[in-house]
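Look at the chain as a whole before turning to its parts. The paragraphs below go from overall figures to the sheet, and then to a pair of side chains.

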Amino acid sequence: MASSNVPAASESVLLLGATGATGKYLLRDLLASNQFSRVVEAGRRVTPTESLQDAAGKEKLTQKTIDFEKLEESGLKDEKADVIVIVLGTTRAQAGTAEAFEKIDREYVINAAKAAKTDDPKQRLVYVSSIGADANSSMLSL
């Protein structure tokens with residue numbers, strides 16, 4: 001039996017924000033990756049399955065619609081994801097107000113990370129904010 005240099009897929013990943021500008025590309029990459037045997041997409045809406053008909057690895061996908069106002073009911077922790085990837089976000093214009101923008105870009109992100117966290121010390125969190133993010137910027141989105 002010939003050995004392969006590609007490790008067997010054994011990890012699971014939870015992706016929050018898969019329908020956004022970055023997430024839609026990342027979802028396809030995660031599905032195609034040999035690193036993950038299970039990909040869970042969770043969000044207030046999920047990617048239409050017909051748009052994934054040609055996606056490599058689509059059989060690894062589980063989709064879950066959640067309410068970010070009721071994350072305690074979401075069951076994100078029950079997914080026991082090895083890796084949590086959050087690409088959740090919006091623009092100030094789409095949010096409508098500075099308060100709504102901050103709620104989505106800060107509170108939803110922090111609360112979702114907490115809701116998905118397990119007791120596994122090897123669990124990892126990856127958060128993608130925005131291009132050019134700067135903690136000292138006067139702009140809300142940077």
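Of the 142 residues in the protein, 35% are buried. The model is a predicted one, and every figure here is computed from it. The accessible surface amounts to about 9000 Å², and carbon and sulfur atoms hold 51% of that area. Contacts within the chain can also be sorted by how far apart the two residues lie in the sequence. Among contacts with a separation of 6 or more, 63% join residues that are 24 or more positions apart.

Next comes the secondary structure. The protein has three helices and five strands. Following the sequence, these elements come in the pattern β-α-β-β-β-α-α-β.

How are the five strands ordered in the sheet? They form an open sheet with the order β3-β2-β1-β4-β5, and the pairing is parallel. Strands of a sheet pair through backbone hydrogen bonds, and this can happen in a parallel or an antiparallel way. The edges of this sheet are β3 (61–65) and β5 (124–127). Each of these two has a single partner strand, so one side of each is left without a neighbour in the sheet. From one strand to the next, the twist averages 20 degrees.

One of the pairings can be followed in detail. Strand β1, residues 11–16, runs parallel to strand β4, residues 83–86, and four bridges connect them. Leucine 14, for instance, has isoleucine 84 in β4 as its bridge partner. Helix α3, residues 98–116, packs on the sheet and touches β1, β4 and β5. The direction of helix α3 makes about 170 degrees with that of β4.

Helix α3 also takes part in an aromatic pair. A pair of aromatic rings is described by two values, the distance of the centres and the angle of the planes. How many aromatic pairs does a search of the whole structure find? The search finds one. The rings belong to phenylalanine 68 and tyrosine 108, with centres 5.2 Å apart and planes at 15 degrees. Planes under 30 degrees apart count as stacked, and therefore this pair is stacked.

The two residues come from distant parts of the chain, 40 residues apart. Phenylalanine 68 lies in the loop between β3 and β4, while tyrosine 108 is in helix α3. Are these two residues buried or exposed? A residue is buried when its relative accessible area is under 20%. Phenylalanine 68 has 8% relative accessibility, so it counts as buried. Tyrosine 108, at 15% relative accessibility, counts as buried too.

Terms used: Residues numbered from 1 in each chain as written. Predicted model: local features only at pLDDT ≥ 70, side-chain atom pairs only at ≥ 80, totals over all residues. Heavy atoms only, no water. Buried < 20%, exposed > 50% of the residue type's maximum accessible area, 1.4 Å probe, protein only. Contact = heavy atoms within 4.5 Å. Areas by Shrake-Rupley, 256 points an atom, 1.4 Å probe, with all protein chains shown as cover. Pairing = 2+ DSSP bridges. Axes fitted to C-alpha atoms, helices over the stretch in contact; angles between N-to-C directions. Phe/Tyr/Trp six-rings, centres within 6.5 Å; stacked < 30°, edge-to-face > 60°.
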